[in-house]
Amino acid sequence: MAKFSAQELPAALGNGLLSFPVTHFTADLSFDEKAFRAHVEYLDSFPVAGLFAAGGTGEFFSLQNSEVLQVLRATVESTAAETPVLAPAGRNTKDAIELIRGAEQAGADGVLLLPPYLTEASQEGLYEYVKAVAQSTDLGIIIYSRANAVYRAETVARLAAELPNLIGYKDGVGDIELMTRVFTKLGDRLLYIGGLPTAETFALPYLELGVSTYSSAMFNFVPQFALDFYAAVRARDHDTVYRGLRDFVLPYIAIRDNQPGYGVSIVKAGLESAGRSGGPVRPPLTNLTVGEQAELDALVSTVSAGMSSARVAS
């Protein structure tokens, strides 16, 4: 059973850092549940505002529906009562509803609705997709605007007017005008989440657009850095934010940008750098090269003391 209602969930998520745990795999690419549970327990020992199980960083796209629900149950069972856990849904409408049924049984607190699989869609089609999925449940729904599902402000407003359990809008596009239009039209009706790759890069300017939180993939392997950085963003501590960007985030992005798909691969590599293995990624993703891993190892080795000491000094 959900710990948070759709009405309670936005406040729980909106004033802290969010993260997407990686999904651990063994050498033969099967789900490593024991290692995953230990990782979730570790992440939950930090003051994270919510965990999104089997999301993009958790390789939702490579998991079968049964595996998604296995990962979700493990997440729910490995987190404290005060930590919201959100489930993924997506693909076709029937699959999305099936995943939500499983999420309800597993005790998830809400749902992140990812774009439908592959096909392009009109705004009317996206409206019908979200409506059908949201009306199948009482769980709070957050729509993820990215790729082939970029929701215009008018579509979001229409959905929000008709669906009381539509609670959030996650932006993965980076269109400042679109984000401004959505927030201007809906105000505090929704929770707004930054969802661009390595969201720390955009966190400070997005705060001015009403985006009070974001999903941090690097929280998986440098959780204290991620929390310190988020605190600096919320405090509008520009010096600390830009120091963190210069010394860690931007060099990290430079490695991430070496290959398509490294947005997930580099997070698992970061766990290796931090001495907490997440196992390999599943194809079609590829792991970092030996040289890239060494470069990341050197970068991660400097960050834990660096960010914390910089905040103490300031």
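In this predicted model, helix α3 passes helix α4 in a right-handed crossing. The axes of α3, which spans residues 65-77, and α4, which spans residues 93-106, come within 10 Å and cross at roughly 25°. Because angles under 35 degrees count as roughly parallel, α3 and α4 are therefore roughly parallel to each other. The model also holds a pocket, the largest one, with about 970 Å³ of space.

**Contact of α3 with α4**

- On the α3 side, the residues that take part in the contact are Asn65, Val68, Leu69, Leu72, Arg73 and Val76.
- On the α4 side, these residues are met by Asp95, Glu98, Leu99, Gly102, Ala103 and Ala106.
- Taken by class, the residues of the contact of α3 with α4 comprise 7 nonpolar, 2 polar and 3 charged.

**Largest pocket**

- The space in the largest pocket amounts to about 970 Å³, and 38 residues line this pocket, of which Gly56, Phe61, Leu114, Tyr144 and Arg146 are the closest to its centre.
- Two elements, α10 (238-256) and α11 (262-273), are those that give two or more residues to the lining of the largest pocket, and α11 gives the most, with 4 residues.
- When the lining of the largest pocket is divided by class, 22 residues are nonpolar, 11 are polar and 5 are charged.

Definitions and conventions. Residues numbered from 1 in each chain as written. Predicted model: local features only at pLDDT ≥ 70, side-chain atom pairs only at ≥ 80, totals over all residues. Heavy atoms only, no water. Axes fitted to C-alpha atoms, helices over the stretch in contact; angles between N-to-C directions. Parallel < 35°, antiparallel > 145°, perpendicular 65-115°, else oblique. Left-handed = near helix turned anticlockwise from the far one by under 90°. Contact = heavy atoms within 4.5 Å. Nonpolar A, V, L, I, M, F, W, Y, C, P; charged D, E, K, R; others polar. 1 Å grid on protein atoms, 1.4 Å probe; cavity = no way out; pocket = protein on both sides within 12 Å on 5 of 7 lines; lining within 4 Å. Points joined across faces, edges and corners; volume = space filled by probe spheres on them.
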